[in-house]
Amino acid sequence: MSDPITLPFWLLSLILVFAGASFLSHFLFPSVRWFFRRRMERAVERLNQRLERPIQPFKLMRRKDMIIRLIYDPQVMEAVVEYARENNVPESVAFQCARSYAREIVPAFSAATYFGFAIRVTRRLSRALYKVRLAQHDDLPIRDIDKKASVVFVMNHRSNMDYVLVTWLAAQRSAISYAVGEWARIWPLQALIRSMGAYFIRRRYLSPLYRRVLARYVQMATHEGVTQAIFPEGGLSLDGGVGPGKKGLLHYIVSDFQLDDGRDVVFIPVGLNYDRVLEDRVLIAAAANKERRFRVRGSAIFGFIARHLWNRVRGRFQSFGYAAVCYGRPISLEHYLRATPAATTDDLAATLMAAITATVPVLPVPLVAAALSGAPASDRAALDATAEDLVTQLRARGVRLHLPDGNIAQAVTAGLETLLLRKLVIADGDTLRIAKGEDAIVAFYAKSVQQHLDRIQPATAPEPTVCLTLQSPTET
């Protein structure tokens, strides 16, 4: 038993490698994971002390545990059995299909990534494009909401900058979990977005099994109090206005809601608007082709970034004008259902979209675009008069206006300078006219003003309680 044996060096090396791997996996790695998890838990405890909506334990679950909880949910298991029967496949195959859907949907939230890296990036990106100026009120309308209630931000979708602005603005109050479309499922963006707590959805995928898995995740997150943000329109606005709401995610939330459960769901309408939407020409082209699915070429993105950086180096940065995020008063699902017991999900979607539309602010470029729309030519005096008439009508309807120092003439000047700079409007002496071929893009910006005027009655939704206004540096 004690006699020495001779081993070849390669076999000894292999034994040592396996022994080292076993030591790492059974002793060192668990200790390291425990150490970092304890540090993360203490950091989250300190973070929750300053957040108005603390991070829920469900959001902090390990992704592997969350996936297991989701796929073994009774409703998901029923869907697995139905899928196997309808498609004539073994239940084990259907179960693996459900597991793959769960792995695709479930996020991997990291408090360090969200409140460290992500918030810094959104702040710096916003400040790189805009000069930040906060409005007078600086509190989101969530302070007085029941702490047990689940908060869902419902927003119009104007630009992919929406994620950046809302994430930054709400950073001191809560961690928002976004519903993100398939566009973000590219490496390495996918891993970053998932670590920020966002979950991916296939908007046009009609598999009943996938829909059931997605529905159960949304319902679990809502029931556990996770603060979420959704775009009821289902995609970016192609015409510049707020489109009709789609009831997909709303239906998942409402169908699982129990009036006597003691946990309310509170929707906060969010209206966003820009003097310049970065994707405006892409969206207009998609609208002309009557095709919502569109792709932006990588060369176009890199070209835009290169031109932007080159203009900054030369001190000739082009103004992006203003951007604004406005929040409406919260809408309690419990109160809504008690007041209208016969209401359907379609009725709720219409109510929320009306509240979102009423919350969308008016900025200088949309105001000038609306004043110029429909007129082949105008002079500055006529433009000022038309803009003043529009402002009077908008104020009568309770619309939030973001004008420089509240001055209409300054707003017209700021909006007109941006349109002239982009060559969307041409000044021929004292005459101002829309450039040839640019009617669609001017109408795109005017739509956000026209949608307020198209309402038959003044807005019944309460006036927004808070707005964030951003103004970019002017061109030098």
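How does R338 count at 47% relative accessibility: buried, partly exposed or exposed? In this predicted model, R338 comes out as partly exposed, because a relative accessibility of 47% falls between the 20% under which a residue is buried and the 50% over which it is exposed. The residue is a handy way into the salt bridges, since its side chain meets that of D260 in one of them, at 3.6 Å from N to O. D260 sits in the loop between α10 (248-255) and β6 (265-274), while R338 belongs to helix α13 (residues 333-339), so the pair ties together parts that are 78 residues apart in sequence. D260 itself, at 73% relative accessibility, counts as exposed.

Taken over the whole structure, the search turns up 11 salt bridges. Another of these joins E104 to R202, with the closest N and O atoms 2.6 Å apart. Here, too, distant parts of the chain are linked: E104 is in helix α5 (residues 91-105), R202 is in the loop between β4 (199-200) and α9 (208-223), and 98 residues separate the two. As for accessibility, E104 and R202 are both buried.

A more local case is found in helix α16 (residues 380-396). D384 and R380 lie four residues apart in this helix, which means that about one helical turn separates them. Their side chains meet in a salt bridge, at 2.9 Å from N to O. D384 has a relative accessible area of 23% and is therefore partly exposed; R380, with 30%, is partly exposed as well. Salt bridges also form a network, and the residues linked in it are D73, R216 and D256.

Turning from charged pairs to helix packing, helix α15 (residues 364-372) packs against helix α17 (residues 408-421) at an angle of about 85 degrees. The axes of α15 and α17 are 8 Å apart. An angle between 65 and 115 degrees counts as roughly perpendicular, so that is how α15 and α17 are placed relative to each other. On the α15 side, the contact is made by P364, V365, L367, V368, A369 and L372. Facing them from α17 are A411, V412, A414, G415, L416, T418 and L419. Sorted by type, the residues of this contact include 11 nonpolar and two polar ones, with no charged residue among them.

Conventions:
Residues are numbered from 1 along each chain as its sequence is written. This is a predicted model: local features need pLDDT of at least 70, side-chain atom pairs count only at pLDDT 80 or more; totals for chains, interfaces and linings use all residues. Side-chain values use heavy atoms; hydrogens and water are left out. Axes are lines fitted to C-alpha atoms, for helices over the stretch in contact, and angles run from 0 to 180 degrees between N-to-C directions. Angles under 35 degrees count as roughly parallel, over 145 as roughly antiparallel, 65 to 115 as roughly perpendicular and the rest as oblique. Contact means heavy atoms within 4.5 Å. Ala, Val, Leu, Ile, Met, Phe, Trp, Tyr, Cys and Pro count as nonpolar, Asp, Glu, Lys and Arg as charged, and the others, Gly among them, as polar. A salt bridge is a side-chain nitrogen of Lys or Arg within 4 Å of a carboxyl oxygen of Asp or Glu. Buried means under 20% relative accessible area, exposed over 50%, partly exposed in between (1.4 Å probe, protein chains only).
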